[in-house]
Amino acid sequence: MTTPPTPTGTFRAWLRDRSELGVGVLLMALGVLVLTDALTMDVDLTQRGPVGPRTVPVVVGTGLLVVAALLAVDVLRGGRGQAEAGEDVDLTEPADWRTVLLLSGVFLGSAVLIEPLGFPAAGALLFWGAAFALGSRRADRDPLIAGVLSLFTYAVFDKLLGVPLPGGPLMGVL
């Protein structure tokens, strides 16, 4: 003899079958946040015009709300996302928390060190640490590649694009 499902159980099953609604809620929250920030932005009269500092955030926020609404309608009508055929992730395996924690530590460490060491040194540590966390153990090659990549990134942003990055102690050398 089977027992009928409880109302809570059917609601949970209904939500589980429509888990894409969570993405829609996230998109809606981001859209509301972007629109709120854009519409409460203090804009000087001299900055007004057909395209001002509010234009792009309003367009992006509105687009997020439209996409959230379209996704919700599609999911409620029975639409489901299709899994990629080439995906090789085994969902039965547990998450690799060691790698996640190592990457998080490397990222936070570089964020803390960027001011005293400058971007080239902190970026090199970030690139090298990320390579190590993801499994590379080539101590002869990885630091060199990380240093070159960091210096290249610094040069592109600081010199070519005009985005000032802290140079740290290497400021006089670079």
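Here are some worked exercises on the predicted model shown above.

Some ground rules come before the exercises. Residues are numbered from 1 along each chain as its sequence is written, and side-chain values use heavy atoms, with hydrogens and water left out. Since this is a predicted model, local features need pLDDT of at least 70 and side-chain atom pairs count only at pLDDT 80 or more, while totals for chains, interfaces and linings use all residues.

**Exercise 1. The overall picture**

Task: Work out how many helices and strands the protein chain has, and what share of its residues is buried.

Solution:
- Start with the elements, taken as DSSP runs numbered from the N terminus: helices are H or I with at least four residues, strands are E with at least two.
- That gives 6 helices and 0 strands, running α-α-α-α-α-α from the N terminus on.
- Next, sort residues by relative accessible area: buried is under 20%, exposed is over 50%, and partly exposed is in between (1.4 Å probe, protein chains only).
- Of the 174 residues, 18% count as buried.
- For surface area, use the Shrake-Rupley method with a 1.4 Å probe; for residues, only the protein chains shown count as cover.
- The chain exposes about 12900 Å², and carbon and sulfur atoms supply 69% of it.
- Finally, count contacts (heavy atoms within 4.5 Å).
- Among contacts with a separation of 6 or more, 57% come from residues 24 or more positions apart.

**Exercise 2. The nonpolar patch**

Task: Find which residues make the nonpolar surface patch, and which helix gives the most to it.

Solution:
- Patch members need over 30% relative accessible area and no salt bridge; nonpolar side chains (Val, Leu, Ile, Met, Phe, Trp, Tyr) are joined within 5 Å, like charges within 9 Å.
- Val112, Leu113, Leu117, Leu125 and Trp128 make a patch of about 420 Å².
- Helix 4 (97-117) and helix 5 (119-133) are the elements that each give two or more residues to the patch.
- Helix 4 gives the most, with 3 residues.
- Take Val112 as a sample: this residue sits in helix 4, and Val112 is exposed because its relative accessible area is 62%.

**Exercise 3. Salt bridges**

Task: Locate the salt bridges and say how buried or exposed each partner is.

Solution:
- The test is a side-chain nitrogen of Lys or Arg within 4 Å of a carboxyl oxygen of Asp or Glu.
- The whole structure yields 3 of them.
- Asp140 pairs with Arg138, with the closest N and O atoms 3.2 Å apart. Asp140 is exposed at 57%, and Arg138 is partly exposed at 39%.
- Arg141 meets Asp142 at 3.6 Å, N to O. Arg141 is partly exposed at 35%, whereas Asp142 is buried at 8%.
- Lys159 meets Asp158 at 3.3 Å, N to O. Lys159 is exposed at 52%, whereas Asp158 is buried at 17%.

**Exercise 4. Rings**

Task: Count the aromatic pairs, then look for a charge over a ring at Phe132.

Solution:
- Rings of Phe, Tyr and Trp (its six-membered ring) pair if their centres lie within 6.5 Å; planes under 30 degrees apart are stacked, over 60 edge-to-face, and the rest tilted.
- The count is 0 aromatic pairs.
- For a charge over a ring, NZ of Lys or CZ of Arg must be within 6 Å of the ring centre and within 35 degrees of the ring normal.
- The charged end of Arg137 fits, sitting over the Phe132 ring at 3.8 Å from its centre.

**Exercise 5. Three residues and their neighbours**

Task: Describe the surroundings of Thr99, Phe119 and Pro169, leaving out neighbours within four places in sequence.

Solution:
- Thr99 belongs to helix 4 and counts as buried because its relative accessibility is 14%. Its contacts are Ala133 and Leu134.
- Phe119 belongs to helix 5 and is buried too, at 15%. Its contacts include Ile114, Ala124, Ser150, Thr153, Tyr154, Leu165 and Pro166.
- Phe119 and Tyr154 are 35 residues apart in sequence, with their C-alpha atoms 6.9 Å apart.
- Pro169 lies in the segment after helix 6 (142-160) and is exposed at 65%. Pro169 touches Pro116 and Leu117.
- The C-alpha atoms of Pro169 and Ala121 are separated by 9.2 Å, with their places 48 residues apart along the chain counted as the separation.
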